[in-house]
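Work through the exercises below with the sequence and the model at hand, and try each task before reading its solution.

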Amino acid sequence: METPFAQTIDRVGIKQTAKERFKAKYWTCVGVVFLMLLITGVCQTVVTLVGGAMGIPNDTAALESGIMPISGAGLTLYSVLSMLVALVTGTFAIEAAYFFLRVYRGEDVTVGDYVSNLFSNLGRKMGANLWLGFIMFLWIMLSMIPVFAISFAAVAGSEQTTAILTVLVVIALIALYVFVIIKGLSYSMMYYIVRDCPNVPVREAMKLSIRMTKGYKGQIFMFGLSFIGWFLLVGLTVGLLMLFYVGPYAATSAAGLYDDLKARAIASGAVSSAEFGA
């Protein structure tokens, strides 16, 4: 069923509203972005320090040499720690997404609200991260099957055949990247649903995200791409622009996109309000 809304997402309108809303809570938004960057930085530092203590090289030359002065058990422990850190930062990112959703909606929020809710429904948020990671891992592995098959055939074939199959491998890899991006776009609203609709099960939140983004994935991709200029400027300011402008602006805009897609899904009948737990 077609949505009664304009088929083209009002990217400019959403971003303009986001800009106004985050500026109204400017220092609060900057504070939350600072906490997110701090948490991520600390977690990454811990992983790096633990890896160094275990003898895991973190320079390219050492990695390319193939010499790993660490036992299999140690490497396993390090891998588990890395996954736990990714899980923690991903869980906190869900709360940050909800915080900026509240900012976009014009609610009166504080940094304290973000901090106090970091560990609320922790199991649900961790479950969402694990489920999303698992599904994406499966899609990547399934998508790699034809790449592996073509690569194997290239190694076993003649020189002429190998040249042709090498080109096919490159094409297959490009197709793989495109496929993974499309899947990621399909699941892009899942974090918002998990936090915004507490009565919706995690797996159902993923299904709702797929239905919400159907027909809009190209526009969602272009929405994200519209910030590329800002992110290039972030590099020129040694990351300061990310903290003081781009981070809050992009996060609030992304939250606005979720609100817009949610309204479209309900209006079109693609998803009922009851399915969102309303």
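Three exercises follow, each with a worked solution.

This is a predicted model, in which local features need pLDDT of at least 70 and side-chain atom pairs count only at pLDDT 80 or more, while totals for chains, interfaces and linings use all residues. Residues are numbered from 1 along each chain as its sequence is written, and side-chain values use heavy atoms, with hydrogens and water left out.

**Exercise 1. Helix H9**

Task: Compare the span of helix H9 with the expected one, and find where its buried residues fall around the axis.

Solution: Begin with the assignment, in which helices (H or I, at least four residues) and strands (E, at least two) are DSSP runs numbered from the N terminus. The expected span is 1.5 Å times one less than the number of residues, so the 12 residues of H9 (202-213) should span 16 Å, and the 17 Å between the end C-alpha atoms agrees with this.

Next, list the buried residues (under 20% relative accessible area, with exposed over 50% and partly exposed in between, using a 1.4 Å probe and protein chains only): these are Val202, Ala205, Met206, Leu208, Ser209, Met212 and Thr213. Seen down the helix axis, they fall within an arc of 165° (taken from the directions from the axis to the C-beta atoms), so they line one face of H9.

Finally, look past the helix, where Gly215 follows with a positive phi, near 85°.

**Exercise 2. Glu95 and its partners**

Task: Which side chains meet that of Glu95 in a salt bridge?

Solution: A salt bridge is a side-chain nitrogen of Lys or Arg within 4 Å of a carboxyl oxygen of Asp or Glu. Glu95 meets Lys125 at 2.8 Å, N to O; because Glu95 lies in helix H4 (72-104) and Lys125 in helix H6 (122-156), the pair ties together parts that are 30 residues apart in sequence.

Glu95 also meets Arg195, at 2.7 Å, and this pair links H4 to helix H8 (190-196), 100 residues apart. As for burial, Glu95 has a relative accessible area of 2% and is buried, Lys125 is buried too, and Arg195 is buried at 13%.

**Exercise 3. Arg105 and Asp259**

Task: Where in the chain do Arg105 and Asp259 lie?

Solution: The closest N and O atoms of this salt bridge are 2.9 Å apart. Arg105 lies in the loop between H4 and helix H5 (111-116), whereas Asp259 lies in helix H12 (240-268), so the pair joins parts 154 residues apart in sequence. Arg105 is partly exposed, at 32% relative accessible area, and a network of salt bridges links Arg105, Asp196, Asp259 and Lys262.
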